[in-house]
Amino acid sequence: MSTSMVWARPSWRQAWRAAGAMVLGLALAACGGGGGGAGTSVFDPGTGTNPNTPSTLADLAVVADKPSVPNSGAEVVTFTVTALTSGNAALTGVETPVTVEVESGAIVTPSAKVTSKDTGKITAVVQITDKTSRTVKLNVSSGSVKKTASFEVVDSVNGSKVADLRLVVDKVTLPNDGTQVAKLSVTSVDAFNSAIGGSPVSLALIDPVAGGSVVNAFGKTATDTTSGVLAADISLVTSKGKTNRSITVQATSGTVVRTISFDVVEAVSIVPKASDLTMTLSASSVGNSGSESVDVSLRAVDALRNAVPGIKVTFAVDSSAVLVPGNLVTDSEGLAKAKVFVGSDRSNRTVTVTATSDSIVLRKTFKVTGAKLQAQLLPATLRNGDIGAVEYTLTDVNVNPMDKVAVSVGGSQGAAVACPGQAAPSEALTDNKGKYTYCYRASGNGPSQIAATAGGASVTSTVQIDATVSDVPAATTIGSATFTAAPAVVAVNLVGSSENRSELRLLFRSDKNEPVPNVRARIGFGANNSGTDGVISSGNDKVIISDATGVAVTSFVAGQRPSPTDQVKVYACFSKTDTVETIAACPADRLRAVSLTVVEQPVSVSIGTNALIGTGTNKLTYFLEFTVLVVDSAGNPKSDVQVAPLIDLPSYQKGYYFYDLGLKKWIQVVTQNCLSEDSSAGKGFRNGTIETGEDINGNGQLDPRKSDVSITMVGSTRTDSSGLAVMRIEYPQSYGSWTEFAIRVSASGVVSPPAFFGRIASEGDTLFTLKGTEQYTGVPVEVIKAEGTPPFVISPYGQAASCSSPN
């Protein structure tokens, strides 16, 4: 409906008639009818009564008090119309006639026929009658000047322009066996029947069977922003929804509600049957770490060996394995799949996979391997009645300890007795280090065998009881004596614990490469005794004897104190007779040594960068980021390790930049390199305090200052799941390229030395003895190539070619 208003200056009779017409028009408008054209303003006095438009009118300004109204019809939009003269000034002093028209579906009511002489304004109130979501336009004119303004009619619930919803279901019937789904698409459209996206839509099913069907919109609650479509699947809950019926889908967007229906009908199915099954396993054996799995593929075929889809299959496993089913109905290629994991049981064993389809049963097996049981005699030779011990260690394929595994020990030494320092025998179960110690009271005479089994692995050890150990024959030449420690890196022990240890093994071979038994070896720390609080399990400076295989074994048991890298030295002095010398008196040709490291946590740390220079958020600094990688002794990333960075400023440069017109870039001129005035390591590591003789250039401060470059961790100060952490150095832009920096990064319990980037100063270093590759605060390449003067054009440390001058 269109409403127009034509203004004229009437006589008093005309005004009286107009007032009457207004009353009549309002009454008719309220009833939806009345004389004249539909939508004509009630203030229109008729043709031929308009006053003249002033010649000084240059433009009209039309402003709405709100951009939109809800489609309830309860709210109105008030437009303010201002007549403008030159310079966009309000046209006052005259009454300017104004015509206003609004599109159909709305009514406009102006405040006056002409603009006010005082303000040059009138107002026009628009109320909607058509509640469709759309854009409503208001046309305003005076003489040849015309303007258009608009507002939106939106959904009164959520502010959407959705005028309608289009619902489509891809099938009119759905079989009641639950094997199919109905595809629903909901398209939101505006008043012009164009798809609009991002419209919130809620879906509901009106189903006579409560809980018999479900609708899945895959987490979406609004139509796609590009296509305006929301897709959903409708499926039956077969335990409840097998009843034949009609189901209605209801879609709602604000006040717009639309529905569509489909029927659930009787399913007609043919149950396929297989004539044979074939099963394959992806591996015949897997490690027992628990991370490996075996893929099971089962193919169903008919009598002609054609693959048969739709065959139902069940899988089963034994021996504590875990089966994860894939598809339990054969696919178009006749395949059903599953995956088998070792499970929590990491013992060596055979796992059987069983597949069943109707009367056909098929079985396949694979082996779980990797459990290894090792034994260490403590000691290997003892007297009748002495308390002896065998330490067992059970590990998986990745040499990880297997805990809480029962250990069965048998042999001539009988049941376990309490170990020294314990009130009763320990439970025959491995601890969290995979260890169990069997203690026994020696009985018998001569070699005695002790057998043990755990996790499907077994080991047999031979102990000598009351055996007279003969000397190594004088004619036998000990061609080689190999001393090893495994592992070379061992973690500290908690107070009262001896779980963390390294096996010390001596292997003696003759000049004919034959094992040499009965070699005496004294094991001890020698002069390095104060370097560790660890102990030798057989006793410090005590003698052990090689067995028939030429091997003599004991252990280093870590204490509570970590050590520097390779700084725990264990020595062995060997001899053919009992007259073996002490470590201090041992001849060099019969002295062997191994190096051990005791750590809080076996990790190593490295540092690197991509060398990209960034600009700080305040636009006043440059920064460079580094990545820190922490790994364990096997090279695996180590997470949640505390990283501690430290930055040193070993030296600084003096000089300036000049612009090369030919190369079109700034060129750095270094007039002098100067060693940091602050003391280096050994004299107070860069303590930032001016000490006697340090302020060489006499400027009352130490150059470079500790605050010239900062270092921080970006995000967490601990490594993530990939063993990585990020750190950043940042410095004022004026210090770019003039300050040398070096970074040292350490992590708690690090095996290797801290990671370094740059040159690290040591006590007494000069500018020429600093070790490493020098690194200077970087500057962006684009700044070097720009014609504008860079902030680092002059060194903040001066230009004079002398370290004793501050200029």
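**View 1. Strands 15 and 16 form a hairpin in this predicted model.** Strand 15 covers residues 245–253. Strand 16 covers residues 256–265. Between them sit 2 residues. G254 lies in this turn and has a positive phi of about 65°.

**View 2. Strand 15 pairs with strand 16 in the antiparallel sense.** The pairing runs over 9 bridges. One facing pair is V249 of strand 15 and I260 of strand 16.

**View 3. Strand 15 also pairs with strand 12.** Strand 12 spans residues 202–206. This pairing is antiparallel too, over 5 bridges. Here I206 stands opposite T248 of strand 15.

**View 4. Strand 15 is mostly covered.** Of its 9 residues, 7 are buried. Buried here means under 20% relative accessible area.

**View 5. The second largest pocket holds about 820 Å³ of space.** Its lining counts 34 residues. Closest to the centre of the pocket are L377, A380, T462, D547 and V551. Four strands each give two or more residues to the lining: strand 25 (372–378), strand 31 (457–465), strand 37 (542–545) and strand 38 (551–557). Rolling a probe the size of a water molecule over the atoms shows where empty space is left.

**View 6. The lining of the second largest pocket contains nonpolar, polar and charged residues.** The nonpolar residues number 16. Another 15 are polar. The charged residues number 3.

Conventions. Residues are numbered from 1 along each chain as its sequence is written. This is a predicted model: local features need pLDDT of at least 70, side-chain atom pairs count only at pLDDT 80 or more; totals for chains, interfaces and linings use all residues. Side-chain values use heavy atoms; hydrogens and water are left out. Buried means under 20% relative accessible area, exposed over 50%, partly exposed in between (1.4 Å probe, protein chains only). Two strands pair if DSSP finds at least two bridges between them. On a 1 Å grid over the protein atoms alone, a cavity is a set of points where a 1.4 Å probe fits but cannot get out, and a pocket is an open set with protein on both sides within 12 Å along at least five of seven lines; lining residues have an atom within 4 Å of a point. Grid points are joined across faces, edges and corners, and a volume is the space filled by probe spheres set on the points. Ala, Val, Leu, Ile, Met, Phe, Trp, Tyr, Cys and Pro count as nonpolar, Asp, Glu, Lys and Arg as charged, and the others, Gly among them, as polar.
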